[in-house]
Amino acid sequence: MMATFRMAAGAALLFLVSLPVLAADAPGADVQAIERGRYLATAGDCIACHSVPGGKPMAGGLALATPLGAIVATNITPSKTHGIGNYTLQQFSDALRRGVRADGAHLYPAMPYTAYAKVTDDDTAALYAYFMHAVAAVDTAPATQTDLPFPFNIRLSMAGWNLLFLDTKPFVADTSKSMEWNRGAYLAQGLAHCTTCHTPRNALMAEQLSKELGGADLGTWYAPNITSDVNSGIGSWSQQDLADYLRTGRAAHRGQAAGPMAEAIDHSLKHLSDADLNAVAHYLKSVPAIRDKADTKPVTQWGQAGDALNAIRGVPLPQNLNKMSGAQLYDAQCASCHQARGEGSFDGSLPPLFHNSVTGRSNSNNLVMAILDGVERQDGKGSHAAGHAVNHVMPAFRQSLSDEQIVTLGNYVQKMYGNPAIKVTAEQVTTLRDGGAPSNLIGLARAAIIVGVLVLLALLVWWRGRRRQHA
């Protein structure tokens, strides 16, 4: 369970300044602590999961897709009836950093408390001040509640998971590193929770720390390798490239953000200070390299400008449009924006398709998802929850292109502009269109319970037999 799941996963926007700030009227409220907490909540991307488009900020209700089913985000406004208004600082800290609610029930790690555990006591107190005094209370509960299948509907099971996988130690600075490195590490490991999306998971859905930031599937999108490896990761990116990408979602001749990463930038990262973005970039440049063997050269060095116009001039379209060639599909659906030779838009708003990490990477899921769902960016003006202008950078073709057409088009783009060895398959497109591969964890958990019960019964029979022998 992750933050795909944030998808994830898976943010308090800096523009929440438009919300009523009650510091002047709230007894014991510290204005500086509140504003610091506002910034930290932005870094933590709280609003992205705890608000629904068009709803009230932090009121919950967003269903986060996980391999086990939908986890519905809760109301974290200071409502005393349906939110966290009765939480003490200690109870707030336990929920944020230990995944335990005030009533003692355990949270699921779709809420990335495994990363928030790194947050210091002082920053936790500032976040508490912000949520209690600067977020408007919403006295209603989300319309739906989390309802996972057995055995995951037993929240107490998370206590055992936490014993195995939760590191409760707050961040400790490395005195051998610079202040910039430590600040970047603190943000990336903690509030920004980079590992939650970019680190693969084991069979029990815990992060594989031996592959930290090495890239992971997030249901449908792929969170790429962001280690310092030159071929698979961001080793060839400059610190400025990374900082620019974190602020804008674009880095020339490198890549562009889409899906969950675009949301993280628009709701959170773009609102951070230049110093903090540079610190995160500085830290990421130091992360130990992890390489995918399929990446035989940097993922941003594949392909070149080109077209196949000569192959389609004067050639009629087939009666069955599913049999259109890749060149015909590209000319019909893509060339008007990406240009005939894949150079991208002249103003730079649309990147070239060659020398692009999306077409050069050994995982082609993001190419397929961009075709299926398009690319949306938000202008950041106004509240995420109350509504904001959405910029459709790339239209979605989910309704207009069949699976067969997407396979043909995807493979044409890969062959013409990206790594030609990487293919788009029919099974892949069908699976991504349907929401991603199902998890076998539920079946494994139920099988483990059955085996455990059988072992206990066997031990009971053996014990009773021993007693009879002694008698």
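User: Cysteine 194, buried or exposed?
Analyst: Buried. This is a predicted model, and in it cysteine 194 has a relative accessible area of 15%. The cut-off for buried is under 20%, so cysteine 194 qualifies.

User: And what about cysteine 197, buried or exposed?
Analyst: Cysteine 197 is buried too, at 6% relative accessibility.

User: How many disulfides are there?
Analyst: The count is 0. Cysteine 194 is in no disulfide. Its nearest cysteine sulfur belongs to cysteine 197, 8.8 Å away. Cysteine 197 is likewise in no disulfide, and its nearest cysteine sulfur is that of cysteine 194. A pair has to lie within 2.5 Å to count, so 8.8 Å rules this one out.

User: Switching to helices. Why call H7 largely enclosed?
Analyst: Because 8 of its 11 residues are buried. H7 covers residues 179-189.

User: Which residues are buried there?
Analyst: Trp181, Asn182, Gly184, Ala185, Tyr186, Leu187, Ala188 and Gln189.

User: What do they pack against?
Analyst: Four helices: H4 (113-116), H5, H8 (194-198) and H11 (274-284).

User: Now the largest nonpolar core. How many residues?
Analyst: It has 69. Met58, Phe92, Leu127, Tyr130, Phe131 and Leu284 touch the most other members. Helix H5, residues 121-133, gives this core its largest share, with 7 residues.

User: What does leucine 284 touch?
Analyst: Leu213, Ile226, Ser228, Ile234 and Leu242. That leaves out residues up to four places away in sequence.

User: What about a second core?
Analyst: A separate core holds 32 residues. Cys334, Leu353, Phe354 and Leu409 are among them.

User: Next, cavities. How much space lies in the largest?
Analyst: About 40 Å³.

User: Which residues line the largest cavity?
Analyst: Asp307, Ala308, Leu309, Ile312, Ala327, Tyr330, Asp331, Ala340 and Tyr412.

User: Which helices supply at least two residues of that lining?
Analyst: H12 (309-312) and H13 (326-333) each do. H13 gives the most, with 3 residues.

User: How do the lining residues divide by nonpolar, polar and charged?
Analyst: The lining of the largest cavity has 7 nonpolar residues and 2 charged ones. None is polar.

User: Back to H5 for a second. Where does it come up?
Analyst: Twice. H5 supplies 7 residues to the largest nonpolar core. H5 is also one of the helices that the buried residues of H7 pack against.

Key: Residues numbered from 1 in each chain as written. Predicted model: local features only at pLDDT ≥ 70, side-chain atom pairs only at ≥ 80, totals over all residues. Heavy atoms only, no water. Core = buried A, V, L, I, M, F, W, Y, C linked by side-chain atoms within 4.5 Å. Buried < 20%, exposed > 50% of the residue type's maximum accessible area, 1.4 Å probe, protein only. Contact = heavy atoms within 4.5 Å. 1 Å grid on protein atoms, 1.4 Å probe; cavity = no way out; pocket = protein on both sides within 12 Å on 5 of 7 lines; lining within 4 Å. Points joined across faces, edges and corners; volume = space filled by probe spheres on them. Nonpolar A, V, L, I, M, F, W, Y, C, P; charged D, E, K, R; others polar.
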